[in-house]
Amino acid sequence: MDIFFEFLNNLSNPDWIVSHGGLYLLLFIVFAETGIMIGFLLPGDPLLFIAGMIVSNMTLSPGAELPTLLSWILLISLSAVLGNFLGYWCGKVFGTRIMGMKDTWFFKRHYIVKAQEFYEKRGGGAIVLARFLPVVRTFAPIVAGIVKMDFKKFVIYNILGAVIWAGSLMTLGYLLGENPWVQRNLEFVILGIVLLATAPVILKAVVGRGKVKTSVRDAD
């Protein structure tokens, strides 16, 4: 377990990523986070920002910067798309078994329930929005498979969400990657990205809890 947490900690270090697989490591992590249930532990949003930083600090020939960034975005988007396809397939084939699993330290059924509620409210757009929500993005494609969402519709939203997610965060990392302040305060920047990504979930939880308390007081 200590080795795993040390691995997670190293994922905030661009130099460590470059020396331990670079793009290939990023592709694997994005695929795992979006396609394997235990992948919700992986830091997808900060990792995409760091991927953009890595590209911005590469030694490239003049004119090669933009094509390199676009090729990285394309490959990482493809990895995210394939991950969601795996999640959809698992949900469709093993949906009943997944919902019957007992809660463990890495899997809790309320993760599935939360993702299902989010999916039901947002429809196909949930597949796009879920990309920007930690935990939800791991389980949203599984839920889509469980409820047997129309596959053609899933394909469209899956691709659209992956490109927007990877493209926006990687471009942001690329634009800010050579900024000295960002490089010196990368931990705080990553923390800010995580907070921004989780803010909608936290806000919804707080508002929902407030509504429940209000309803209880009204009932009394």
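Entry 1, T68. I began with the side chain of T68, where a polar atom lies 2.7 Å from the backbone oxygen of A64. The model is predicted, and I note that here before going further. I placed T68 in helix α5. Was T68 buried or exposed? Its relative accessibility is 15%, so I entered T68 as buried, the cut-off being under 20%. I then looked up which residues T68 touches once neighbours within four places in sequence are left aside. The contacts I found are V55, M58 and L60.

Entry 2, α5 against α8. I stayed with α5, which covers residues 65–99, and turned to its pairing with α8, residues 136–146. I looked up how the two axes run: they come within 6 Å and cross at roughly 65°. I recorded the crossing of α5 past α8 as right-handed. Which residues meet there? On the α5 side I listed N84, G87, Y88, G91, K92, G95, I98 and M99. On the α8 side I listed R137, P141, I142, A144, G145 and I146. Sorted by class, this contact has seven nonpolar, five polar and two charged residues. Glycines appear on both sides, among them G87, G91 and G95 in α5 and G145 in α8. I counted glycine as polar, as the class scheme has it.

Entry 3, M149. Next I followed the chain out of α8 and looked up M149. I found M149 in the loop between α8 and α9, the latter being residues 151–176. Its relative accessibility is 5%, so M149 also goes down as buried. I checked M149 against G124, 25 residues away in sequence. Their C-alpha atoms are 8.4 Å apart.

Entry 4, the whole protein. I left the totals for last. How many helices and strands are there? I have eleven helices and zero strands. Read along the sequence, the pattern is α-α-α-α-α-α-α-α-α-α-α. For burial, I noted that 43% of the 220 residues are buried; T68 and M149 are among the buried residues. I then looked at contacts with a separation of 6 or more, and 78% of these join residues 24 or more positions apart. The last value I took down was the exposed surface, about 12200 Å². Carbon and sulfur atoms supply 67% of that surface.

Key
Residues numbered from 1 in each chain as written. Predicted model: local features only at pLDDT ≥ 70, side-chain atom pairs only at ≥ 80, totals over all residues. Heavy atoms only, no water. Axes fitted to C-alpha atoms, helices over the stretch in contact; angles between N-to-C directions. Helix = DSSP H or I, 4+ residues; strand = E, 2+ residues; numbered from the N terminus. Left-handed = near helix turned anticlockwise from the far one by under 90°. Contact = heavy atoms within 4.5 Å. Buried < 20%, exposed > 50% of the residue type's maximum accessible area, 1.4 Å probe, protein only. Areas by Shrake-Rupley, 256 points an atom, 1.4 Å probe, with all protein chains shown as cover. Polar contact = N/O pair within 3.5 Å; in protein donor to acceptor, adjacent residues only side chain to side chain.
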